Structures are given as C-alpha cells and as structure tokens.
Amino acid sequence: MAELGLASRREADDWIAKGWVKVNGQVAEMGMQVLPTVRIEIDKQAQGQQANQVTILLNKPLGIVSGQAEDGHEPAIKLIQPQNRWRDDNARFFFHGSQLKSLVPAGRLDIDSTGLLVLTQDGRVARQLIGEDSQMEKEYLVRVAYTGAPNLAAERNPAATHGPLQAIDDRDPVRSDVQSVFPAALLARLRHGLSLDGQALKPAKVEWQNPEQLRFVLTEGKKRQIRRMCELVGLKVVGLKRVRVGRVMLGHLPLGQWRYLQPHEKF
C-alpha cells in the first residue's frame, strides 16, 4: 500500500487493524503476503481520515530547529499557531489543535538557514519528499564570501563549517562581486565532482543569481550539504534560504508565518 502511494506504512497498519482494507474482496489481515496483481480496496472511513490530514508550509526563521527542541532552541512546530497564519492564506481550512498531532517536518532545514519548511500529517507527502527513492528537487538561494582556501575537513565533518571566515593575504574575504573572482573550474566542481562522507554527490544545478549569491538545486539532502560543498571550494556561506520544494514555491510567505498546502498544489 505504501509503495502504491495509498498510505504511509503506519496508516496501512492502522487501517488493516480496523478492517478498512480488502484484498480481492476479502478483509485483509496484518502481515499477509500479496502479489502486485491483487485488487486493494480502501474503506471510505480511511479515505475520509486521510482527507482531513493537513500539510503546512512555514517560512522558518533563523534560530528555530526543524524537529525536536535542542540546546534551548524552539522547534518549528511551536510557530504553527493561529496568530502566525499568513493573512493571505486563502486555503479553506480552519486551524484546530488536532492538526498539530503527528505533524512532522518532511525534511530538515538547518538552524542557521531560513525559508520553506514542509510539515505534514500525511505519510504520502513525507514519503514523496524524503523517502529513500525520492528525487524531489529543492532550490536554495545562497549568499557567499570567497576565502580562497578550501576547508577539506568539511568533507567528513559537518561541524567543520562553523569556524570564522578565513582571511586572504591578511585581508578580509571577498564579500562583494564574488562571481568575478571565483574560478569557473570550482563552479563546475560544485555542480558535479564533490564527495561528502566518502560518497560522491549527485549532480547539482548551481549558477550565479547575482555577484554575491548562488542558486542551488539539489535532489538529495546530506547534513549541512550546501555549506560543506561551499567550504570544499573555498566559499563560506553567509546566508542560506530555501525557496522551493518540488513545484511548491515559498513565494511571498512572510518570515515566521505559515500557510496550508492547498488541495490543488502538488509537489
């Protein structure tokens, strides 16, 4: 059922336990083996339960963690309150506290990054965004400074990106018109040719948005991936914002506010 996109594994177990699933007209039993050719029917009660599940889009601020609270930092779900709902959200949903139950982030966004964070009750959405076979594009705008010196420790250590900016010839790193001094060969390496944690990264789309900002489009999400990629070619990230997940854009959603994913929107 999960592979067919009918439900998450947890939902499927729950529905089978409640007798809401039939295989070739017979009520399914937990753990039964089936062939791909069988006919699976879902009870309307299960479909109704699924229809009430919400997916929420948040413009995450700095200093907020995506998942569980840590080191005194609040989790993103704390922002999902009526007063933080975007006033221009025209989705026909009414907020209710029950929507916070089983609402989890479908992917991470680092504490020092901002932008689009997806939280969902729907296991199908989570599987689509972060499942093992997911190829979902995620787009980022990344402001950078050029240090001129690669930080090779970032290849195996996510924490190696936390240090101060290195100087070039005892001067500050290049912060303006980085594009003019950054070698084209290193831009090509950002697109393809880097490894993290001993594994080659998938090809990425990387291009200049303006002289101080790069646009990244990734189909994978290793821990602090963009920051580490930049460190390996002598760049230091000074600002990172996610602006798109699949076909869903951050758009004009204000920082710290949220809205519902509308029924017509698809990742």
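Student: Which residues are exposed on the other side of helix α1, away from its buried residues?

Tutor: A residue is exposed when its relative accessible area is over 50%, buried under 20%, and partly exposed in between (1.4 Å probe, protein chains only). Arg-9, Arg-10 and Ala-17 are exposed on that side of α1. The model is predicted: local features need pLDDT of at least 70, side-chain atom pairs count only at pLDDT 80 or more, and totals for chains, interfaces and linings use all residues. Residues are numbered from 1 along each chain as its sequence is written, and side-chain values use heavy atoms, without hydrogens and water.

Student: Which residues of α1 are buried?

Tutor: Helices are DSSP runs (H or I, at least four residues), as are strands (E, at least two), numbered from the N terminus. In α1, residues 9-17, the buried ones are Glu-11, Ala-12, Trp-15 and Ile-16. Because they cover an arc of only 130° around the axis, they lie on the same side of α1; the arc is that of the directions from the helix axis to the C-beta atoms.

Student: How many aromatic pairs are there?

Tutor: Rings of Phe, Tyr and Trp (its six-membered ring) pair if their centres lie within 6.5 Å; planes under 30 degrees apart are stacked, over 60 edge-to-face, and the rest tilted. The count is five aromatic pairs. In one of them, Phe-93 and Tyr-260 have ring centres 5.0 Å apart and planes at 40°, so the pair is tilted. Phe-93 is partly exposed at 23% relative accessibility, whereas Tyr-260 is buried at 0%.

Student: Which residues form one aromatic cluster?

Tutor: Phe-93, Phe-95, Trp-258 and Tyr-260 form one aromatic cluster.
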